[in-house]
Amino acid sequence: MKLLQAIPKRWLPWLIAGVFALIAIGIAPTLMRHETVVQIRVSHAGATLPDGFYLYQQLSAQGIRIKSITPAGDALIIHFDSEEQSLAAQKVLRRLLPQGFIVAQHEQSQRLSLA
């Protein structure tokens with residue numbers, strides 16, 4: 001308590017703002033998570049999407065770590081933790097899938113909830 005009494009009162013707002021800034025800098029990276037997402041779509045009507053479990057097995061056999069594979073309408077969405085894993089998966093998927101499939105990558109940041 002004596003330490004707080006030794007600080008001039010005019011410095012107190014700046015000290016509090018500095019503490020909050022340090023806390024925000026420390027928490028911000030955990031609130032934002034960077035994910036890389038690969039989307040697989042068919043290029044023409046009537047074609048069916050490949051089986052997600054089959055793709056998971058093939059990518060896992062190549063040492064590619066997948067967070068999730070989910071269907072989204074007329075596409076399969078594959079989530080990866082890193083861009084390196086995503087790029088490796090794209091190479092495998094383009095080789096594995098026959099013509100008529102579109103493999104596209106885009107990055108997204110997702111905000112994590114504190115709950």
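What follows is a chat about a predicted model and the labels given to some of its parts.

Me: Before the labels, what is the chain made of?
Reply: It has four helices and four strands, and along the sequence they follow the pattern α-α-β-α-β-β-α-β. Of the 115 residues, 24% count as buried. Among contacts between residues at least 6 apart in sequence, 70% join residues at least 24 apart.

Me: Why are helix 3 and helix 4 called oblique to each other?
Reply: Helix 3 (residues 52–61) and helix 4 (residues 83–96) pack at an angle of about 120°. Roughly perpendicular covers 65 to 115 degrees, and roughly antiparallel needs over 145. The angle of about 120° fits neither range, so the pair is oblique. Their axes are 10 Å apart, and helix 3 passes helix 4 in a right-handed crossing.

Me: Which residues make that contact?
Reply: On the helix 3 side they are Tyr 54, Leu 55, Gln 58 and Leu 59. Helix 4 brings Ala 89, Val 92, Leu 93 and Leu 96.

Me: What makes the contact residues of helix 3 with helix 4 nonpolar, polar or charged?
Reply: It goes by residue type: Ala, Val, Leu and Tyr are among those that count as nonpolar, while Asp, Glu, Lys and Arg count as charged. The tally here is seven nonpolar, one polar and no charged. Gln is on neither of those lists, so Gln 58 goes down as polar.

Me: How do you know what span to expect for helix 4?
Reply: The expected span is 1.5 Å times one less than the number of residues. Helix 4 has 14 residues, for which 20 Å is expected. From its first C-alpha to its last, helix 4 reaches 20 Å, so it comes out close to the expected value.

Me: Why does Ser 86 count as buried?
Reply: Ser 86 sits in helix 4, and its relative accessible area is 0%. The cut-off for buried is under 20%, so Ser 86 qualifies. Leaving aside residues up to four places away in sequence, Ser 86 touches Thr 36, Val 38, Phe 80 and Gln 105. Other buried residues of helix 4 include Gln 85, Ala 89 and Gln 90.

Me: And Ser 82, what makes that one buried?
Reply: Ser 82 has a relative accessible area of 19%. That is under the 20% limit, so Ser 82 gets the buried label. Ser 82 belongs to the loop between strand 3 and helix 4. Its C-alpha is 9.7 Å from that of Ile 66, 16 residues away along the chain.

Me: Why is Asp 51 called partly exposed?
Reply: Asp 51 comes in at 47% relative accessibility. Buried needs under 20% and exposed needs over 50%, so Asp 51 falls in between. You'll find Asp 51 in the loop between strand 1 (32–42) and helix 3. Asp 51 and Leu 76 are 25 residues apart along the chain, with their C-alpha atoms separated by 9.1 Å.

Me: How do you know that Gly 73 counts as exposed?
Reply: The relative accessibility of Gly 73 is 75%. That is over the 50% cut-off, so Gly 73 is exposed. Gly 73 lies in the loop between strand 2 (68–72) and strand 3 (75–80). C-alpha to C-alpha, Gly 73 and Arg 41 are 9.6 Å apart, at a sequence separation of 32 residues.

Notes
Residues are numbered from 1 along each chain as its sequence is written. This is a predicted model: local features need pLDDT of at least 70, side-chain atom pairs count only at pLDDT 80 or more; totals for chains, interfaces and linings use all residues. Side-chain values use heavy atoms; hydrogens and water are left out. Axes are lines fitted to C-alpha atoms, for helices over the stretch in contact, and angles run from 0 to 180 degrees between N-to-C directions. Helices (H or I, at least four residues) and strands (E, at least two) are DSSP runs, numbered from the N terminus. Angles under 35 degrees count as roughly parallel, over 145 as roughly antiparallel, 65 to 115 as roughly perpendicular and the rest as oblique. A crossing is left-handed if the near helix is turned anticlockwise from the far one by less than a right angle, and right-handed if clockwise. Contact means heavy atoms within 4.5 Å. Buried means under 20% relative accessible area, exposed over 50%, partly exposed in between (1.4 Å probe, protein chains only).
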